[in-house]
Amino acid sequence: MSAGVIPRDRALPDVTVDVPFSDLGSMTADVAEELEAVWKRLTATSSFVGGSAVERFEHQWSQYCGTAQAVGVANGTDAIELILRGLGIGPGDEVIVPANTFIATAEGVLMAGATPRFVDVDPESLLITPETIDPAVNERTAAIIPVHLYGNTPHMDDLGRLARAKRLALIEDAAQAHGSTWGGKKAGSFGIAASFSFYPGKNLGAFGDAGAVVTNDSGLADRVRSMSNHGRSPASGHVHSLVGRNSRLDALQAAVLSAKLPMLGFWNGARRAIMRTYTRLLGSAAVQMVQQGTGSAYHLNVVRVPDRDRVREALRRMGIETGIHYPIPCHLQMPYREFASDPLPAAETAAKQILSLPLFPHMTHAHIERVCDSLNEILQPERTHVG
Ligand SMILES: *Cc1c(COP(=O)(O)O)cnc(C)c1O
């Protein structure tokens, strides 16, 4: 790539953003009326933690995911920890997680007292497969946590078969997969349980931190519910039948999520249409898109480019915001180094090449064209010199 394509007259620190990475405000505006009603109801009832708003969202979320139960919790990381604790997985147990995920997947395992074991991923899909998991399975392995990375679902039949054969719990980290499907079934409905995050930037986001556990196992749901609420027994708030903690979902977040949920399908559809346009317009052979299956929730639009940091800087100067999910694989983060025994080449190579392009439901055609034209231009300098 020639440095000459970067316009030198644009000052480095204060570039105006023409294409933002995301736009949460427009999604909020889509449900402005519903949100007014939420606020009125909340201030009128002063029911701030738990109560009917939480129960209502839990019911809606379990219906949406096609699971028997949903338990609202404080965030997606706690959801992972609480599932593991609820299954009795802890000290002495190993849990297999992909190396190229948000750190919270492994953090939740450690918070439960168990040991994460990082494995590599398929070099194309960047998702775990039976082949990448198999070498890490040993007599201490208790569970596998596949991550629906960027909204893309791993081969759930293969993973289910492997989990059954090795007698391992299959737990989905579905924090990036609200509405993803695989074989017609929703992400979150494949394993013994799944964790969701409703962090504001996720496909379904709250006005703060929020999360949920979904499962068909009512015993597990009861234990997660109790643990997340100080170990309270369902029968009496004064009886603490186990040592729990506070990881409750508050009523404001639950009501905001209920107000936004009816729009999720529409927003995911918009993301899909935007991705179709991206696929059409990203002409440069040097841009390789991470393939999204048809059931993806299209959480992130990740491409692989040579000389990534330079491309990212060139886009920044052209007013285009990007992200990297994630520049340092988990097993290379200092406190996590002991949890991988071997180099994990596919995850390590991808980390140097991946770049997340703007993707949000209200992105306009002009936005997409700007991103694609800029990227094609940066990666095909010979064309820009013509004339
Ligand atoms: C966002 C995210 C989490 C953590 O969720 P929080 O609500 O921020 O705790 C876990 N795993 C993945 C893959 C995520 O993207």
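**Briefing: sheet, helices and cores**

Strands β5 (residues 169–173) and β8 are parallel and are joined by three bridges. The model described here is predicted. An open sheet of seven strands with mixed pairing organises the points below, together with the helices that pack on that sheet and a largest nonpolar core of 60 residues.

**The sheet**

- The strand order of the open sheet is β1-β9-β8-β5-β4-β2-β3.
- Its edges are formed by β1 and β3 (115–119), each of which pairs on one side only.
- On average, neighbouring strands of this sheet are turned by 25° against each other, with direction ignored.
- In general, the strands of a sheet pair through backbone hydrogen bonds, in either a parallel or an antiparallel manner.
- Within the parallel pair of β5 and β8, Asp-173 lies opposite Ser-195 of β8.

**Strand β9 and its two neighbours**

- Strand β9 (residues 211–215) is largely enclosed by the rest of the structure, because five of its five residues are buried.
- Burial extends to both faces of β9: Gly-211, Val-213 and Thr-215 are buried on one side, and Ala-212 and Val-214 on the other.
- Strand β1 (residues 69–73) runs antiparallel to β9 and is joined to it by five bridges; here Gln-69 has Thr-215 as its bridge partner.
- Strand β8 (residues 193–197) is likewise antiparallel to β9, with five bridges between them; in this pairing Ala-193 stands opposite Thr-215.

**Helices on the sheet**

- Helix α8 (residues 218–227) packs on the sheet and touches β1, β8 and β9. The direction of α8 makes about 15° with that of β1.
- Helix α5 (residues 104–111) lies across β2 (94–98), β3 and β5. Relative to β3, helix α5 runs at about 150°.

**The α4–α5 contact**

- The axes of α4 and α5 approach within 8 Å and cross at roughly 40°.
- The two helices are therefore oblique to each other, and their crossing is right-handed.
- Helix α4 contributes Thr-77, Ile-80, Glu-81, Leu-84 and Arg-85 to the contact.
- From α5, the contact residues are Ala-104, Thr-105, Glu-107, Gly-108, Val-109 and Met-111.

**Nonpolar cores**

- In soluble globular proteins, nonpolar side chains tend to be buried together.
- In the largest core, the residues with the most contacts inside it are Val-95, Phe-118 and Ile-144.
- Helix α4 (residues 76–86) gives the most to this core, supplying five residues.
- A second, separate core comprises 26 residues, among them Val-305, Ala-314, Leu-359 and Phe-360.
- Leaving aside residues up to four places away in sequence, Val-95 touches Leu-84, Ile-89, Val-109, Ala-114, Thr-115, Pro-116, Arg-117, Ala-143 and Ile-145. Two of these residues, Leu-84 and Val-109, also take part in the α4–α5 contact.

**Ala-53**

- Ala-53 belongs to helix α3 (residues 52–65).
- Its relative accessibility is 22%, so Ala-53 counts as partly exposed, given that buried means under 20%.
- With residues up to four places away in sequence not counted, Ala-53 touches Ala-251, Ala-254 and Ala-255.
- Ala-53 and Gly-184 are separated by 131 residues in sequence and lie 29 Å apart, C-alpha to C-alpha.

Key:
Residues are numbered from 1 along each chain as its sequence is written. This is a predicted model: local features need pLDDT of at least 70, side-chain atom pairs count only at pLDDT 80 or more; totals for chains, interfaces and linings use all residues. Side-chain values use heavy atoms; hydrogens and water are left out. A nonpolar core is a set of buried Ala, Val, Leu, Ile, Met, Phe, Trp, Tyr and Cys residues joined through side-chain atoms within 4.5 Å. Buried means under 20% relative accessible area, exposed over 50%, partly exposed in between (1.4 Å probe, protein chains only). Helices (H or I, at least four residues) and strands (E, at least two) are DSSP runs, numbered from the N terminus. Contact means heavy atoms within 4.5 Å. Two strands pair if DSSP finds at least two bridges between them. Axes are lines fitted to C-alpha atoms, for helices over the stretch in contact, and angles run from 0 to 180 degrees between N-to-C directions. Angles under 35 degrees count as roughly parallel, over 145 as roughly antiparallel, 65 to 115 as roughly perpendicular and the rest as oblique. A crossing is left-handed if the near helix is turned anticlockwise from the far one by less than a right angle, and right-handed if clockwise.
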